[in-house]
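This report examines selected local features of one protein chain. The reader is invited to consult the sequence and the coordinates alongside the text.

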Amino acid sequence: MEDELPSRQAEEGSSSKRSQRHQERQGKLPRRRKEVKRSLRRPDCPGHLPGGSAHWLPEHSGSEASESVEDTAESCLKRWDRFRRGHFLHGPYPATHFGPKACVLPNPTSVMHIQDPASQRLTWSKPPLNVLVIRKIRDETLLEPFKELCRFLVEEKHLMVYVEKKVVDDGSLMRDDSFSAICNQLCTFREGFDDISDRIDMIICLGGDGTLLYASSLFQGSVPPVMAFHLGSLGFLTPFKFESFRTDVDKVFEGNAAIILRSRLKVKVLKGMFQRHEQLLSAQENGILPHNHINNEAGKITLQLQVLNEVVVDRGPSSYLSNVDLYLDGRLITSVQGDGVIVSTPTGSTAYAAAAGASMIHPNVPAIMVTPICPHSLSFRPIVVPAGVELMITLSPDARNTAWVSFDGRKRQEIQHGDSIKITTSCFPVPSICCHDLVYDWFDSLAQCLHWNVRKKQTSLTDASDSSDTEN
């Protein structure tokens with residue numbers, strides 16, 4: 001009898017499991033999933049910003065990433081209600097079940113990231129030691145602020161300060177004997193010759209928006225956090241005032257500073273890659289780009305850049321209209337006839353794109369803007385596409401002239417037949433430190449720099465004379 005008890009208990013246990021599975025199939029019992037731990041970062045994107053010393057940290061991400069996921073109706077409602085009540089810059093996390101039987105196909109490699117703007121903060125895993133100071137050149141008014149900042153960083157903060165060699169070689173700076181001791185302790189570099197991408201922990205810009213664009217061009221991979229002081233002409237991207245630079249720098253070094261991740265464009269220029277054949281023109285008219293339409297072996301990448309503001313394709317010095325074809329994920333979308341086309345980030349939406357009639361988009365919105373420049377068709381309006389798509393611009397086969405392309409206003413070059421420009425969102429954004437927060441700083445820049453929605457106020461009814469009242 002004792003030998004039969006274990007076998008009988010095993011039979012009863014297996015039968016109870018079979019009945020439980022049967023009830024689950026009949027919908028009587030909820031099925032529990034295994035505990036799933038999700039990473040809030042994309043697998044192909046780096047989570048830390050500079051060379052291993054700083055990263056942006058979402059609030060309460062660790063606890064939410066490790067909590068167990070249950071498919072019960074009660075837990076789903078509680079989780080959905082918690083997300084719905086929060087204020088998110090990208091909107092609440094959407095529900096993935098639609099009705100009683102429909103849902104989105106799960107994809108373990110795709111993690112939708114929705115960040116509360118109040119919790120997007122900067123933290124330091126190690127104290128910053130190397131600071132890059134970018135100063136607007138050919139501006140004598142910035143000499144004193146530059147020297148004052150360098151003294152503070154070297155003598156008081158005991159940091160290693162990197163500057164451009166042409167800044168140190170400035171005649172006005174070299175003639176200052178009181179600054180010679182600090183000048184000898186500065187580390188210098190030359191653009192295009194010295195690689196400092198793995199040495200810098202933080203960037204401080206003195207000048208206008210051009211200094212931030214230049215700092216972005218120096219780092220074609222991971223970009224250290226950028227703190228920009230408004231000492232230039234416009235200063236839309238520079239929220240800090242230099243009068244309080246000591247307290248502002250100390251607060252940033254302490255950590256927990258608000259930060260905005262300004263997305264960049266990854267651009268490739270390929271020479272002789274895009275080839276057209278007469279027998280494939282019918283497929284092109286249907287908007288389909290065949291695989292054999294592109295010869296990968298013939299393509300040669302001549303330039304690869306990370307662009308912060310925009311890529312501009314224009315007609316150059318020619319008097320003819322620019323005529324280029326625009327592809328989205330390998331499918332022909334339209335032909336652009338006019339003065340050119342602008343492909344910009346949300347950060348660049350307030351630059352050339354805004355002057356061409358595009359909408360202004362907050363930098364935290366994941367998108368790519370396509371704006372025509374004086375199009376020959378009045379119905380061609382600016383459009384916004386998702387950040388994950390790949391755009392391709394080629395010269396149309398019947399174009400009368402070549403086109404020219406520039407990247408943030410630099411490295412301008414000619415585009416001929418057979419060349420192509422591929423554009424998509426980069427995995428390496430520019431982490432720009434905010435003075436207040438990422439919402440207030442942007443609207444404050446709109447009001448201060450662009451005078452957005454500024455007009456003469458309408459007089460109140462008590463001060464205005466109504467003609468209908470006077471007649472009666």
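How many bridges join E8 to strand E9, and do they run parallel or antiparallel? The two strands run parallel, and 5 bridges join E8 to E9, the latter spanning residues 226-230. The model under discussion is a predicted one.

## Overall composition

The protein has 472 residues, 41% of which count as buried. Its secondary structure amounts to 13 helices and 23 strands. Among contacts with a separation of 6 or more, 73% are made by residues 24 or more positions apart.

The accessible surface is about 27000 Å², and carbon and sulfur atoms hold 51% of that area.

## Strand E8 and its partners

Strand E8 covers residues 202-207, and 6 of the 6 are buried, so the strand is largely enclosed by the rest of the structure. Besides its pairing with E9, E8 is joined by 5 bridges to strand E5 (residues 130-135), and these two also run parallel. Val131 stands opposite Met202 of E8. As a general rule, side chains in a regular strand alternate between the two faces of the sheet.

On the E9 side, Gly207 has His230 as its bridge partner. The chain passes from E8 to E9 through helix H8 (residues 209-218), and this β-α-β crossover is right-handed. Helix H8 is itself mostly covered, with 8 of its 10 residues buried. The buried residues of H8 are Asp209, Thr211, Leu212, Leu213, Tyr214, Ala215, Ser216 and Leu218.

## Phe146 in helix H4

Phe146 belongs to helix H4, which extends over residues 143-156. Is Phe146 buried or exposed? Phe146 is buried, because its relative accessible area is 0%, whereas the cut-off for burial is under 20%.

Leaving aside residues up to four places away in sequence, Phe146 touches Val133, Arg135, Val163, Val167, Leu173, Phe179 and Leu206. One of these contacts, Val133, lies 13 residues from Phe146 along the chain, and the C-alpha atoms of the two are separated by 8.5 Å.

## Salt bridges involving helix H4

The structure contains 11 salt bridges. In one of them, the side chains of Lys147 and Glu144 meet with an N to O distance of 3.0 Å. Both residues lie in helix H4, 3 residues apart, which is about one turn of the helix. In general, an α-helix has 3.6 residues a turn, so residues three or four places apart point the same way.

The two partners differ in accessibility: Lys147 counts as buried because its relative accessibility is 7%, while Glu144 counts as exposed because its value is 52%. A network of salt bridges links Glu144 and Lys147 with Asp176.

## Further salt bridges

Which residue forms a salt bridge with Lys157? The partner is Asp250, and the closest N and O atoms are 2.9 Å apart. This pair links distant parts of the chain, 93 residues apart: Asp250 is in helix H9 (residues 245-254), and Lys157 is in the loop between H4 and strand E6 (160-164). Asp250 is partly exposed, with a relative accessible area of 27%, and Lys157 likewise counts as partly exposed at 27%.

A further salt bridge connects Lys165 and Asp169, with the closest N and O atoms 2.9 Å apart. Lys165 counts as partly exposed at 36% relative accessibility, and Asp169 counts as partly exposed at 40%.

## A nonpolar surface patch

Leu234, Met360, Val439, Phe443, Leu450 and Trp452 make a nonpolar surface patch of about 480 Å². Of these residues, Leu234 lies in the loop between E9 and H9.

Why can Leu234 count as partly exposed? Its relative accessible area is 40%, and partly exposed residues fall between the limits of 20% and 50%.

Note on methods:
Residues numbered from 1 in each chain as written. Predicted model: local features only at pLDDT ≥ 70, side-chain atom pairs only at ≥ 80, totals over all residues. Heavy atoms only, no water. Helix = DSSP H or I, 4+ residues; strand = E, 2+ residues; numbered from the N terminus. Buried < 20%, exposed > 50% of the residue type's maximum accessible area, 1.4 Å probe, protein only. Contact = heavy atoms within 4.5 Å. Salt bridge = Lys/Arg side-chain N within 4 Å of Asp/Glu carboxyl O. Pairing = 2+ DSSP bridges. Right-handed = clockwise from strand over helix to strand, strands pointing away. Patch = residues over 30% accessible without salt bridge, like charges linked within 9 Å, V, L, I, M, F, W, Y side chains within 5 Å. Areas by Shrake-Rupley, 256 points an atom, 1.4 Å probe, with all protein chains shown as cover.
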